[in-house]
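Me: I'm new to reading protein structures. Could you walk me through one, feature by feature?

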Amino acid sequence: MATKVFPLFFAALLFLLQFHSSSAQNAVRGAYWYYGSGFQVSEIESNLFTHLFCAFADLDPQTNQVTIPSGSQAQFFTFTQIVQRKNPSVKTLLSIGGGGGDKVAAAFDSMASQASSRKTFIDSSISLARAYNFHGLDLDWEYPNTTTQMTNFGLLLNEWRAAVAAEAQNSGRTPLLLSAAVLYLSYYYSTSVPYPIQAVSNSLDWINLMAYDFYGPGWSNVTGPPAALYNPGTTVSGDYGVTSWINAGLQANKIVLGFPFFGRAWQLANASENGFFADTVGAALTDAVIYSEIEEFIDDNDITALYNGTYVSNYCYFGTTWIGYDDTQSVSAKVSYVKDKALLGYFAWQVSGDDDDWTLSRQAASTWGA
């Protein structure tokens, strides 16, 4: 058996190298759509994006197969067809996993720990992507955080790329795109265990850096810029994360910077102390507040949104309610940063948070030059 398996494996790798050497990934101007948001796929202004991520497919912890959430098969199956009505060139990726807490993380850990279960996951993901007409697959494992998990993460990526290359060679179809949503740092923050940079570089078309949720009422007792691009004197910023990945050896043109279409809301301890890093007594409103609702909050209370260029973050407040978020100034500055750093592009989580005029998405596209 071994004399047959290894030639096939290396043939796939050779095809992969040939493919990657002859083509370069186009810029990514992406956004996620989440099936649980209630936002209709037909409402997405897909002409503002080059890539759209359909989130999330599930990992069955018993079978290690990728599955579509119950009751959402029709939405996932028609996703590509619908978004291409407005933009025939937009590429779609099926995103697998998501936050989900310890249970989802444990399922990924178990799946990645054995070659046989990795193969089951990989084969089922490719089959689903083809059956549901997606152009690629996006892995959202939040997060591998031990040396063993990072090693297995790297093995999973290498085997996934080889399988994708082999499937494309056998079918004569364009290889599926492969991306992964990762921590903004090149290492897990509390254990300092690094991501497998070589596997990431060799196997993925790009990574989506989740450069948001740095501060929030559930884990910080002061107001903060939830998606700071810069944060002098700390490691808690998008720029620090980008730099850490590049310094670790990843090419800049494989990095896609993420920003949020939502903010975080705190209740101030003292209404007169209302800047960044003011004391708070917990969450206000619903904690996570989407951009369209932040606009309504500003209009309803006749207040002015403020912008801080040091952190590249917006905020507003009324009484003791304080919200940190990204507005057009922040988005424009971040997209300019992406271009200046020669990164591959940007993505947003998620489309349902933008307002009816697609203000943030239009600002990002305009700054990019689309």
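Reply: Sure, let's start with two helices. Helix α9 (residues 328-340) packs against helix α10 (residues 359-368) at an angle of about 35 degrees, and their axes are 9 Å apart. The crossing of α9 and α10 is right-handed.

Me: Which residues of α9 and α10 make the contact?

Reply: On the α9 side, look for T328, V331, S332, V335, S336, V338 and K339. From α10 come T359, L360, Q363, A364, T367 and W368. Sorted by kind, the residues of this contact are 6 nonpolar, 6 polar and 1 charged.

Me: Okay. Before we go on, how far can I trust the picture?

Reply: Good thing to ask, as this is a predicted model. The pLDDT averages 94 over the chain, and 93% of the residues score at least 70. Residues 1-23 are another story: there the pLDDT is below 50, and the stretch has 17 contacts in the model beyond near neighbours in sequence. As a general habit, don't read predicted coordinates in detail where pLDDT is low.

Me: Now the sheet. What is the order of the strands in the open sheet of 5 strands?

Reply: The general idea is that strands of a sheet pair through backbone hydrogen bonds, either parallel or antiparallel. Here the order is β10-β9-β13-β12-β11, and the pairing is antiparallel. At the edges you find β10 (280-290) and β11 (306-308), each pairing on one side only. On average, neighbouring strands of this sheet are turned by 25 degrees against each other, ignoring direction.

Me: Can we zoom in on one pair? How many bridges join β9 to β13?

Reply: There are 4 of them, between β9 (residues 262-268) and β13 (residues 321-325), and the two strands run antiparallel. To see one for yourself, find R264: its bridge partner in β13 is G324.

Me: And which helix lies across β9, β10, β12 and β13?

Reply: That's α8 (residues 291-301), which runs at about 115 degrees to β10.

Me: How do I read a pair of aromatic rings?

Reply: You describe it by the distance of the centres and the angle of the planes. This structure holds 40 aromatic pairs. Take F53 and W206: their ring centres are 6.4 Å apart and their planes sit at 80 degrees, so the pair is edge-to-face. It links distant parts of the chain, with F53 in strand β2 (residues 51-59) and W206 in strand β7 (residues 206-210), 153 residues apart.

Me: Last one: what about the backbone itself? Where are there cis peptide bonds?

Reply: One runs from A55 to F56, with omega near -10 degrees, and F56 sits in strand β2. Another joins E142 and Y143, where omega is about -10 degrees. Y143 is in the loop between β5 (136-141) and α5 (147-171). While you're on the backbone, check A342 too: its phi is positive, about 60 degrees, although A342 isn't a glycine. You'll find A342 in the loop between α9 and β14 (345-349).

Key:
Residues numbered from 1 in each chain as written. Predicted model: local features only at pLDDT ≥ 70, side-chain atom pairs only at ≥ 80, totals over all residues. Heavy atoms only, no water. Pairing = 2+ DSSP bridges. Axes fitted to C-alpha atoms, helices over the stretch in contact; angles between N-to-C directions. Contact = heavy atoms within 4.5 Å. pLDDT = per-residue confidence, 0-100. Left-handed = near helix turned anticlockwise from the far one by under 90°. Nonpolar A, V, L, I, M, F, W, Y, C, P; charged D, E, K, R; others polar. Phe/Tyr/Trp six-rings, centres within 6.5 Å; stacked < 30°, edge-to-face > 60°.
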